[in-house]
Amino acid sequence: MTVSGLCVLCLPSARSFGSIVAIVAVIGLMDGAMMGQFSLMILKCISKHQLNQAWGYIMFFIGIAIGIGPPLAGLMADRLGSYTASFYTAGAILIIGASITSLMAFVKQHPENSDETQSCDGELLVTEKLTVL
């Protein structure tokens with residue numbers, strides 16, 4: 001996300017078609033890598049049983065951002081007379097989002113308890129599940 005944000009910040013200074021193509025190619029590669037890592041990041045934050053619901057929420061909010069972003073950038077360009085501020089705002093938002101996501105490594109994670117075994121005050125509690133086919 002940080003590299004994508006930096007590339008978006010560089011777009012207003014691109015002066016040739018080749019430089020725009022190079023920047024957009026890097027943005028595309030980073031976007032693909034970012035989408036591939038979303039599921040791993042979600043799994044780190046929640047349990048496997050809530051993955052589908054969390055993925056749905058993520059896609060919902062991405063859809064809202066994709067729907068609101070271009071009209072908002074156009075409105076900014078109409079008011080300010082240039083798309084430069086829109087690119088700088090979008091790049092800054094991507095970099096801030098990457099910074100917030102990077103802070104996850106420093107947050108203390110509670111160890112996940114398995115469904116079959118749980119630790120309780122030094123004793124081992126074993127539960128048995130009955131499966132009916």
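Ala, Val, Leu, Ile, Met, Phe, Trp, Tyr, Cys and Pro count as nonpolar here, Asp, Glu, Lys and Arg as charged, and the others, Gly among them, as polar. Keep that in mind for the pocket exercises below. The model you are looking at is predicted.

**Exercise 1. Get your bearings: how many helices and strands does the protein have, and in what pattern do they follow along the sequence?**

Solution.
- Start with the count: the secondary structure comprises four helices and two strands.
- Next, walk along the sequence, and the elements appear as α-α-α-α-β-β.
- Finally, look at burial: of the 133 residues in the protein, 14% are buried.

**Exercise 2. Check whether the lengths of α2 and α3 agree with their residue counts, and find where each helix bends.**

Solution.
- Take α2, which covers residues 17-45. Its 29 residues, at 1.5 Å a residue, should span 42 Å, and the end C-alpha atoms lie 41 Å apart, so the two values agree.
- Now find the bend in α2: the helix turns by about 30 degrees at Q37.
- Move on to α3, residues 51-80. With 30 residues at 1.5 Å each, α3 should span 44 Å; the distance between its end C-alpha atoms is 42 Å, which agrees.
- The bend in α3 is about 30 degrees at G69, with a proline, P70, following within four residues.

**Exercise 3. Describe the surroundings of M34: is this residue buried or exposed?**

Solution.
- Locate the residue first: M34 sits in helix α2.
- Apply the cut-off: buried means under 20% relative accessible area. M34 has 16% relative accessibility and therefore counts as buried.
- Look for company within the helix: the buried residues of α2 are I23, M34, F38 and I42.
- One general point helps when reading such a list: an α-helix has 3.6 residues a turn, so residues three or four places apart point the same way.
- Then look across the chain. S4 is 30 residues away from M34 in sequence, yet their C-alpha atoms are separated by 9.4 Å.
- For comparison, turn to α3, where A54, G74 and A77 are buried.

**Exercise 4. Characterise the largest pocket: which helices contribute to its lining, and what classes of residue are found there?**

Solution.
- Begin with volume: the largest pocket holds about 1,200 Å³.
- Its lining has 28 residues, and A65, I66, A90, I93 and L94 lie nearest the centre.
- Assign the lining to helices: α1 (2-10), α2, α3 and α4 (84-102) each supply at least two residues. The largest share, 10 residues, belongs to α3.
- Sort the lining by class, and you find 21 nonpolar, six polar and one charged residues.

**Exercise 5. Do the same for the second largest pocket: which residues line it?**

Solution.
- This pocket contains about 150 Å³ of space.
- Its lining is made of M1, A33, M34, Q37, F38, L40, M41 and T101. You have met M34 and F38 already, as buried residues of α2, and Q37 as the place where α2 bends.
- The largest share of this lining, six residues, comes from α2.
- By class, six of the lining residues are nonpolar, two are polar and none is charged.

**Exercise 6. Explain why C7 is not bonded to C10.**

Solution.
- Recall what is being looked for: a disulfide is a covalent bond between the sulfur atoms of two cysteines.
- Apply the cut-off, which asks for sulfur atoms within 2.5 Å.
- The closest cysteine sulfur to that of C7 belongs to C10 and is 6.3 Å away, too far for a bond.
- Consider the setting too: C7 is buried, with a relative accessible area of 11%.
- Widen the search to the whole structure, and the number of disulfides found is zero.

Terms used:
Residues numbered from 1 in each chain as written. Predicted model: local features only at pLDDT ≥ 70, side-chain atom pairs only at ≥ 80, totals over all residues. Heavy atoms only, no water. Buried < 20%, exposed > 50% of the residue type's maximum accessible area, 1.4 Å probe, protein only. 1 Å grid on protein atoms, 1.4 Å probe; cavity = no way out; pocket = protein on both sides within 12 Å on 5 of 7 lines; lining within 4 Å. Points joined across faces, edges and corners; volume = space filled by probe spheres on them. Expected span 1.5 Å × (residues − 1). Bend = angle between axes of the 7 residues up to and from the residue.
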